[in-house]
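Visitor: I would like to go through this structure and hear the reasoning behind the labels.
Guide: Then ask about each label in turn.

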Amino acid sequence: MATTEESKSVESLTRVDIVGTGLSSYAAHIFHQELRRVLAEVGHSTPAATWQRISQQLLRPEHPYTLHQLMYYSTFRTWDPAVHGPPPSWIPNLGSARLTNLGQLLESKGVELLGSQYANPIDSYSAFQRWSVQHPERYFQLVFEEESIVFHKQPHCILDTSNEAIPGGQWLPGAALNIAESCLASKGKKTDSSTAIIWRDEGEDELPLKTLTLAHLRALVSQVANALECLGLQQGDAIAIDMPMNVYAVTAYLAIILAGFVVVSIADSFVPNEIRVRIQISKAKAIFTQDHILRGAKKLPLYSRVVEAQGPLAIVIPADGKSMGLQLREGDLSWDDFLSCSNHLSRPNEYKAVVQPIEAHANILFSSGTTGEPKAIPWTHVTPLRCSTDAWAHQDIRYGDVFAWPTNLGWMMGPYLIFGSFLNGATIALYNGAPHGHSFGKFVQDARVTQLGVVPSLVKTWKSTGCMASLDWSSIRCFCSTGEASSPDDYLWLSGRAGYKPVLEACGGTEVGGSYVGGSLVQPQSFSCFSTPVMANELVILDESGNPFPDNEPCIGEVALVPIMLGASSTLLNADHDSVYFKGMPFFRGRQLRRHGDMFERLVGGFYKAHGRADDTMNLGGIKTSAVEIERVCNKAHEAVLETAAIGVQGPNGGPDQLVIVAVLKKGNQIGLDELQKIFSLAVSSKLNPLFKVSAVAVVPEFPRTASNKVMRRVLRSQFTKKMNPSMTSKL
Ligand SMILES: Nc1ncnc2c1ncn2[C@@H]1O[C@H](COP(=O)(O)OP(=O)(O)OP(=O)(O)O)[C@@H](O)[C@H]1O
């Protein structure tokens with residue numbers, strides 16, 4: 001498909017061009033007429049305004065994707081990103097901006113907070129973001145008031161920065177609460193009869209959705225918390241969860257925290273050794289798991305993996321919700337037997353939350369391990385507030401919303417979904433099955449999901465299989481994406497599935513408890529770009545000598561974070577926190593910056609673009625280049641290419657990095673390595689730098705990925721470094 005530079009301008013498109021995208025002659029005629037009408041109405045407006053009209057009024061999900069591409073690329077054909085910034089894929093209107101969480105707050109307090117410079121939520125957003133950095137305590141006070149937080153002891157203040165030994169500041173010192181109790185509290189608009197969870201089990205596409213009210217969820221969680229007390233554990237003990245993110249898992253998660261224990265989150269895809277390591281590091285005393293994971297007709301083992309990992313006392317839930325399909329170890333409990341532990345109580349469905357000092361641990365999570373060993377990161381009872389306030393501002397989660405994000409409690413987006421939804425009065429939508437096919441999409445349609453979270457690899461699968469055709473996703477207000485850098489073309493497709501709703505990127509980390517850079521519904525959005533540092537957060541981009549670039553200039557470099565961040569980690573269980581995040585970092589306005597390890601570009605117009613991990617950058621002939629930048633070009637170099645990974649490999653005699661492109665081809669495609677090398681070389685030299693040379697290419701069936709699906713370039717690098725020798729300079 002033609003890209004920006006190759007396509008015709010939108011004004012010069014003919015009916016024949018439109019027929020070429022797959023529309024019938026008659027449909028193309030109608031579309032072309034409509035296009036002419038829209039172009040006449042917008043007159044000499046900017047391409048951005050033209051795209052708004054075309055995307056919102058002409059293009060429909062059932063149109064061939066090639067038509068969507070033709071419209072997008074031809075509209076922005078003459079757009080110069082160096083002058084205007086990246087092309088806006090979506091622009092807010094004032095009416096809908098005023099309804100967002102940020103918009104409502106700004107409309108009621110904008111003048112009070114920003115003074116006479118306040119205009120409206122769209123024009124004043126950037127000033128408000130800067131204000132929130134300068135006044136985090138006032139900002140969070142306002143947002144906390146919107147959420148269902150139940151304090152048993154009020155904090156002395158919101159933020160205390162007086163102790164230099166705590167570079168991130170002390171948040172809500174002196175406060176006592178239990179964050180699970182806050183999730184379950186009916187407060188504000190959230191009542192006992194509000195829907196807390198809406199879900200469907202795989203294979204039940206045609207059955208009605210199942211729902212749980214807040215009161216019902218609270219009763220279930222209380223029953224589990226009562227039963228946990230019967231296990232003879234000590235307050236503060238760690239209890240693991242290793243199972244799909246379904247209603248049982250969410251219930252167990254909240255119950256563990258409600259009863260004063262600490263959740264250890266283990267992703268359900270891990271092999272026994274990975275489970276063992278996580279249990280050992282966290283010293284978990286019990287584990288919630290399932291007998292199997294049901295995926296279509298397949299039964300994947302889960303309990304047996306926990307047993308092989310020599311996991312502690314297991315509470316085992318039957319995957320089919322009915323009968324246990326296996327024999328348990330001595331001492332392990334079936335879900336029913338476990339629940340019956342609380343039968344002697346007069347009110348097993350009621351539980352008084354164990355009130356915690358705010359700095360008590362609530363959850364131990366593990367990072368993905370993209371850069372090295374996964375880090376064991378404790379979340380305190382403050383970190384969930386980071387999730388909820390990020391979700392409030394940046395995904396605009398409000399009362400009545402239905403928030404879905406196919407993930408697992410073992411990844412930070414699992415807990416993020418819980419706190420982001422419940423503390424803001426939204427419903428969680430859980431699909432108990434694989435999210436890769438049509439059934440998941442139908443669930444999104446039937447549950448009337450309003451915010452759908454994704455990771456880029458999932459969208460790539462949906463797009464390449466076409467499995468989401470003919471679904472009605474019009475209830476979606478925005479998509480949210482995280483995990484790794486996305487492809488603009490994939491997100492053009494995604495946005496178009498819901499009638500061009502924005503795709504809000506979010507980038508942060510498990511140790512942040514949220515994002516440091518993201519999007520919002522009060523700013524224009526651009527595919528695969530970030531429109532703002534998150535509220536009350538400040539980032540700087542460092543040059544090669546470690547000096548911050550000025551914050552109003554386009555630049556590219558490693559991101560460093562101003563460490564005052566609500567909920568960010570201050571300890572690690574398996575590494576030294578200070579060495580990992582602070583040691584050797586430069587100072588900025590008197591504070592040592594916090595390392596994050598990402599490469600970012602600041603673009604014209606205040607947008608940001610991710611360039612992958614700093615560890616994945618390479619030095620090509622003296623020019624520092626990010627892997628993601630090269631991959632963006634190579635992914636589009638030929639239609640047989642599904643995805644690519646760019647790695648810099650040291651030659652056998654040292655010297656500069658040699659660029660190796662590893663590719664995965666689309667199913668059923670074949671292409672010779674010589675030809676592929678020519679294609680990639682041409683793409684890289686013509687689109688990035690004429691001096692860049694592709695030294696070698698390889699085709700693999702799939703990339704090594706972390707369990708959370710991120711490409712592990714470090715593994716490819718080490719494989720190919722071993723393979724490189726003087727006699728193999730060009731082919732691997
Ligand atoms: N929207 C996004 N676009 C680009 N990259 C992203 C995005 N969201 C997350 N990332 C990447 O994921 C990282 C956070 O993931 P996570 O906390 O799981 O740790 P990790 O870096 O993958 O693992 P480890 O710290 O163990 O190496 C970010 O620092 C960034 O590199």
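Visitor: Which residue in β16 stands opposite Ile364?
Guide: Ile364 stands opposite Pro378. The model is a predicted one.

Visitor: What makes β15 and β16 a pair?
Guide: Two strands pair if DSSP finds at least two bridges between them. Strand β15 (residues 361-366) and β16 have 5 bridges, so they pair, and the sense is antiparallel.

Visitor: Where does β16 sit in its sheet?
Guide: The sheet is open, with 7 strands in the order β13-β12-β9-β7-β8-β15-β16 and mixed pairing. β13 (333-334) and β16 (376-380) are called edge strands because each pairs on one side only.

Visitor: Now the ligand. Why is the approach of Ser367 called a polar contact?
Guide: The cut-off is 3.5 Å between N or O atoms. An N or O atom in the side chain of Ser367 is 2.5 Å from an oxygen atom of the ligand, so the pair qualifies. The side chain of His596 also qualifies, because one of its N or O atoms is 2.9 Å from a ligand oxygen. The protein covers 93% of the 630 Å² of accessible area that the ligand has on its own.

Visitor: Which strand gives the most to the shell around the ligand?
Guide: That is β22, with 3 residues. β22 (507-509), β29 (594-602) and β30 (608-613) each supply at least two.

Visitor: How do the residues of the shell divide into nonpolar, polar and charged?
Guide: There are 5 nonpolar, 12 polar and 6 charged residues.

Definitions and conventions. Residues are numbered from 1 along each chain as its sequence is written. This is a predicted model: local features need pLDDT of at least 70, side-chain atom pairs count only at pLDDT 80 or more; totals for chains, interfaces and linings use all residues. Side-chain values use heavy atoms; hydrogens and water are left out. A polar contact is a pair of N or O atoms within 3.5 Å; within protein, one must be able to donate a hydrogen and the other to accept it, and residues adjacent in sequence count only if both atoms are side-chain atoms. Accessible areas come from the Shrake-Rupley method with a 1.4 Å probe; for residues, only the protein chains shown count as cover. Helices (H or I, at least four residues) and strands (E, at least two) are DSSP runs, numbered from the N terminus. Ala, Val, Leu, Ile, Met, Phe, Trp, Tyr, Cys and Pro count as nonpolar, Asp, Glu, Lys and Arg as charged, and the others, Gly among them, as polar.
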